Amino acid sequence: MTGKMLVVKMMGRKAVNLEDFKDVPNPHSKMLYQIAKDKGLTVTQLTYEVDLSYTFVLQILKGIQFMSPKTASRIRKKYNFPMYGI
């Protein structure tokens, strides 16, 4: 999927483009964005990859929500992200 736009079509809503979330300053947003970008995943595929709901992943990517420390730690360990900062 290199070089292609990652887009997910939502029922009756504007398509969600992963690139819309690349500048969100939230560290959890950055982590999820980086996982999706590195693996070439859409937002929907990312939800399965990290085992979180679609709505929750969107809220994290938008910077509205944070993951719990336990969830963030599980994902950091799985993908070898540093504890603080990306």
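In the predicted model, G40 adopts a positive phi of about 70 degrees just after helix α1. The helix that precedes G40 comprises residues 27–39, 13 residues in total. At 1.5 Å a residue, a helix of this length should span 18 Å, and the end C-alpha atoms of α1 are indeed 18 Å apart, so the expected and computed spans agree.

At the opposite end of the helix, a side-chain oxygen of N26 reaches to within 2.8 Å of the backbone nitrogen of H28. N26 itself belongs to the loop between β2 and α1. With a relative accessible area of 6%, N26 falls under the 20% limit and is therefore classed as buried. Leaving aside neighbours within four places in sequence, the contacts of N26 are I60, G63, Q65 and F66.

V24 is also placed in the loop between β2 and α1. Its relative accessibility is 13%, and V24 therefore counts as buried. When residues up to four places away in sequence are not counted, V24 touches S29, K30, L61, K62 and G63. For one of these partners, K62, the separation in sequence is 38 residues, whereas the C-alpha to C-alpha distance from V24 is 6.7 Å.

Within α1, the buried residues are H28, S29, M31, L32, Y33, I35 and A36. The elements that cover these residues include α2 (43–50), α3 (54–62) and α4 (69–79). L32, a residue of helix α1, has a relative accessible area of 0% and is accordingly buried. Not counting residues up to four places away in sequence, L32 is in contact with L46, V50, V57, I60, L61, M67 and I75. The pair formed by L32 and L61 is separated by 29 residues in sequence, with a C-alpha to C-alpha distance of 7.1 Å.

Side chains of opposite charge can pair when their charged atoms come close. A search of the whole structure yields 2 salt bridges. One of them joins K37 to E19, with the closest N and O atoms 2.6 Å apart. This pair links distant parts of the chain, as K37 lies in helix α1 and E19 in the loop between β2 (16–17) and α1, 18 residues apart. K37 has a relative accessibility of 40% and thus counts as partly exposed. E19, at 27% relative accessibility, is likewise partly exposed.

A salt bridge is also formed between K39 and E49, for which the closest N and O atoms are 3.7 Å apart. Because K39 lies in helix α1 and E49 in helix α2, the pair ties together parts that are 10 residues apart in sequence. K39 counts as partly exposed, its relative accessibility being 46%. E49 is partly exposed as well, with a relative accessible area of 23%.

Terms used. Residues numbered from 1 in each chain as written. Predicted model: local features only at pLDDT ≥ 70, side-chain atom pairs only at ≥ 80, totals over all residues. Heavy atoms only, no water. Helix = DSSP H or I, 4+ residues; strand = E, 2+ residues; numbered from the N terminus. Expected span 1.5 Å × (residues − 1). Buried < 20%, exposed > 50% of the residue type's maximum accessible area, 1.4 Å probe, protein only. Contact = heavy atoms within 4.5 Å. Polar contact = N/O pair within 3.5 Å; in protein donor to acceptor, adjacent residues only side chain to side chain. Salt bridge = Lys/Arg side-chain N within 4 Å of Asp/Glu carboxyl O.
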